[in-house]
Amino acid sequence: MFKFLNFRFLLFWVLLAGIGVSVLSGASMSADTVKALLKENGPVEVASAVLHFVVAAVAAGFWLRRGGLAGPIAVAALLLGARELDWHHAFTTFGLFNLRQYLRPEVSLVEKLASAGVVVLIGTVLAVSLTRSKDHIKDLLVRRPPAAYGAVVLLAYLPTLKVLDAIPRWFRQAGSALSETAMKYSRALEEINEMWLPVLVLLFLLQLYFPSWRIEPSATPSLNGTPG
């Protein structure tokens, strides 16, 4: 009965809960309420950014004490929080990660070089931190601890969020538009699940650094696990 309540499936169940919250929110809120809560730089988006920054701080703490994958996770969480607040657009014409920033003539050479330098710096930090985490990554692949299952959930979840974000744009490009009801559900699924992402990452960190913890009625939780 409790087979799938094992710690390794934690992110899967929390992910389902996030989808449920999104659907219930879309069903229970009016279109105007959805627009007010889920608009750009609105309450839900700001909450998402704050949660990403919390994840970055927690991951940095893990990394400073125990090393491993918490390093690149901290960097990625910081970038995601900045993205939620549109900081990647605040100081550039088109955004750091937009090809137009480097190809369009109206962007000055100085701005292009500065943007490219920041991107190279971010890429270098991520590459170095991932390289230094190779033992942690190998442990996930070979021993398949609970965090390996959590990683699968996250790797499937991230492209799903991109698809949810793109659906309204795809309809517009096709010369159509989502109905008000469909748009309401689409926004709720996109924004609330984006806010759910840092929650999942926090739980993934728990799986990663405390792999011996269990969600079983017959077991006493233990926090003595160590990463591989």
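Start by selecting helix 9, residues 146–173, which contributes three residues to the positive surface patch and so gives the most to that patch of any element. The patch itself is formed by R83, K162, R169 and R172, and showing these four side chains together is a convenient way to find that part of the surface in this predicted model. Within the group, pick out K162, which lies in helix 9 and counts as exposed because its relative accessibility of 51% is over the 50% cut-off.

**The chain as a whole**

Now zoom out and colour by secondary structure, where you will find 10 helices and zero strands, so that the order of elements from the N terminus reads α-α-α-α-α-α-α-α-α-α. Taken along the principal axes, the C-alpha atoms fill a box of roughly 60 × 45 × 30 Å. Of the 228 residues in the chain, 39% count as buried.

**The nonpolar core**

Which residues have the most contacts inside the largest nonpolar core? Select I73, L200, F204, L205 and L208, which hold that place in a core of 31 residues. Next, add helix 1 (10–28), helix 3 (43–66), helix 4 (70–84), helix 9 and helix 10 (180–209) to the view, since each of these supplies at least two residues of the core. The largest share, nine residues, comes from helix 10. In soluble globular proteins, nonpolar side chains tend to be buried together.

Stay on helix 10 and move to V199, which is found there. Is V199 buried or partly exposed? With a relative accessible area of 28%, V199 is partly exposed, because that value falls between the 20% and 50% limits. From V199, draw a C-alpha to C-alpha distance to V54: the two residues are 145 apart in sequence, and the distance in space is 9.8 Å.

**Salt bridges**

The count of salt bridges comes to three, and they can be visited one after another. While you are on helix 10, select E191 and R187, which both lie in this helix, four residues apart, or about one turn. Their closest N and O atoms are 4.0 Å apart in the salt bridge they form. Both partners are buried, because the relative accessible area of E191 is 1% and the relative accessibility of R187 is 18%.

Go next to helix 8 (residues 134–143), where D139 and R143 are likewise placed four residues apart, about one turn of the helix. In this salt bridge the closest N and O atoms are 2.5 Å apart, and D139 counts as buried because its relative accessible area is 11%.

The remaining stop of this kind is the salt bridge between E106 and R104, with 3.1 Å between the closest N and O atoms. Here E106 is partly exposed, at 46% relative accessibility, and R104 is also partly exposed, with a relative accessible area of 34%.

**Helix 1 and its surface**

Turn to the nonpolar surface patch made by F12, W13, L16, I19 and V23, whose accessible area together is about 410 Å². One of these residues, W13, is found in helix 1, and W13 counts as partly exposed because its relative accessibility is 39%.

Also in helix 1 is S28, which is exposed, with a relative accessible area of 60%. A C-alpha to C-alpha line drawn from S28 to A148 spans 35 Å in space, for a separation of 120 residues in sequence.

**Two backbone angles to check**

Finally, open the backbone torsions and look at two residues in loops. D86 lies in the loop between helix 4 and helix 5 (87–90), and its phi is positive, about 60°, although D86 is not a glycine. The relative accessible area of D86 is 24%, which means that this residue is partly exposed.

Where does R144 lie? Look in the loop between helix 8 and helix 9, where R144 has a positive phi of about 50° although it is not a glycine. At 56% relative accessibility, R144 counts as exposed.

Conventions
Residues are numbered from 1 along each chain as its sequence is written. This is a predicted model: local features need pLDDT of at least 70, side-chain atom pairs count only at pLDDT 80 or more; totals for chains, interfaces and linings use all residues. Side-chain values use heavy atoms; hydrogens and water are left out. Patches are made of residues with over 30% relative accessible area and no salt bridge: like charges are joined within 9 Å, nonpolar side chains (Val, Leu, Ile, Met, Phe, Trp, Tyr) within 5 Å. Accessible areas come from the Shrake-Rupley method with a 1.4 Å probe; for residues, only the protein chains shown count as cover. Lys and Arg count as positive and Asp and Glu as negative; His and the chain ends are not counted. The place of a charge is taken as NZ of Lys, CZ of Arg, CG of Asp or CD of Glu. Buried means under 20% relative accessible area, exposed over 50%, partly exposed in between (1.4 Å probe, protein chains only). A nonpolar core is a set of buried Ala, Val, Leu, Ile, Met, Phe, Trp, Tyr and Cys residues joined through side-chain atoms within 4.5 Å.
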